[in-house]
Amino acid sequence: MERNRYFETIEDLLHRLEITQKENIHQAAELIANSIMAGGIMQSFGSGHSYAAAIEVAGRAGGLFAAKVIKDPAMGIYEVLEGSGTILMRKVEVLPEDVVIIISNSGRNPLPIEIAMKVKDIGAKLIVVTSLESSKKLTSRHSSGRLLYEFADVILDNLSVEGDAAIPVDGLPVKICGTSSIAAAALLQSTILEAVELMLARGFQPPVRLSANVDGGTERSLEIEKQYKQRIYHL
């Protein structure tokens, strides 16, 4: 039986990610481990569909408790509007000891760029998940002329093709089936794994969230939550 072409594409992509992003994953894991051990938290942001990757590392079972999503109330409607990120960040608390993850496939829109600018002004570390080769071909929609990846302390390249859609179909003038969501999830989960291993190796107990659907999960979470609730539930 003929294999599904999307599975073939993703298997090849995951293999390439493992090979090419190994050092970047290690560097990102170092930033996360250092941040949490220093009393900071990990914050993630993605506008529009990139929000799916942002919630991959915050508020989920098996993830770190010291994590939260920076929420875009408009869900990407105003991401091309300059000033939108600046206004949003007036309501968001980022401290110098934090590490922020921004996910944007193109990295060209003002909203994530302005969030990155604010993060760097504060002195927090920034991890950017993007399609690096595709982004470098684009022009910025921000008056600074800069693209998101240019602000990063570490870049996790999702290796997605230009426009994200990867599968050609006979009879269609455009490709279908994006890969960036799966790539971002794999990159970020592998980064969390390494960050947890680093913290344990350094004698620090990482605050890992147990599913509330596992017996004892809620009680365990409520106990750990006491340490972080003032940060993770603050806008």
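Lys-137 comes out as exposed in this predicted model, with a relative accessible area of 54%. Its partner, Glu-133, is exposed as well, at 57% relative accessibility. The two side chains meet in a salt bridge, with 4.0 Å from N to O. Pairs of this kind are no surprise in general: side chains of opposite charge can pair when their charged atoms come close. Across the whole structure, the search turns up seven salt bridges.

Things get busier around Arg-231, which sits in a network of salt bridges together with Glu-93 and Asp-98. On one side, Arg-231 pairs with Glu-93, and the closest N and O atoms are 2.8 Å apart. Glu-93 belongs to the loop between α4 and β3 (99–103), while Arg-231 is part of helix α8 (residues 217–232), so this contact ties together parts that are 138 residues apart in sequence. On the other side, Arg-231 forms a salt bridge with Asp-98, where the closest N and O atoms are 2.6 Å apart. This pair also links distant parts of the chain, given that Asp-98 lies in the loop between α4 and β3 and Arg-231 in helix α8, 133 residues apart.

How buried or exposed are the members of this network? Asp-98 is buried, with a relative accessible area of just 1%. Arg-231 has 13%, so it counts as buried too, the cut-off being under 20%. Glu-93, at 26%, is partly exposed.

Arginines also turn up over aromatic rings. The charged end of Arg-146 sits over the ring of Phe-151, 3.9 Å from the ring centre. Arg-209 does likewise with Phe-65, its charged end being 3.9 Å from the centre of that ring. As for rings pairing with one another, a search of the whole structure comes back with zero aromatic pairs.

Turning to the surface, Ile-77, Tyr-78 and Leu-81 make a nonpolar patch of about 340 Å². Ile-77 is found in the loop between β2 (67–69) and α4 (84–88). With a relative accessible area of 60%, Ile-77 is exposed, because the threshold for that label is over 50%.

Lys-22 is another exposed residue, at 62% relative accessibility, and is located in helix α2 (residues 22–37). Along the sequence, Lys-22 and Ala-195 are separated by 173 residues, yet in space their C-alpha atoms are 13 Å apart.

Definitions and conventions
Residues numbered from 1 in each chain as written. Predicted model: local features only at pLDDT ≥ 70, side-chain atom pairs only at ≥ 80, totals over all residues. Heavy atoms only, no water. Helix = DSSP H or I, 4+ residues; strand = E, 2+ residues; numbered from the N terminus. Buried < 20%, exposed > 50% of the residue type's maximum accessible area, 1.4 Å probe, protein only. Patch = residues over 30% accessible without salt bridge, like charges linked within 9 Å, V, L, I, M, F, W, Y side chains within 5 Å. Areas by Shrake-Rupley, 256 points an atom, 1.4 Å probe, with all protein chains shown as cover. Phe/Tyr/Trp six-rings, centres within 6.5 Å; stacked < 30°, edge-to-face > 60°. Lys NZ or Arg CZ within 6 Å of the ring centre and 35° of its normal.
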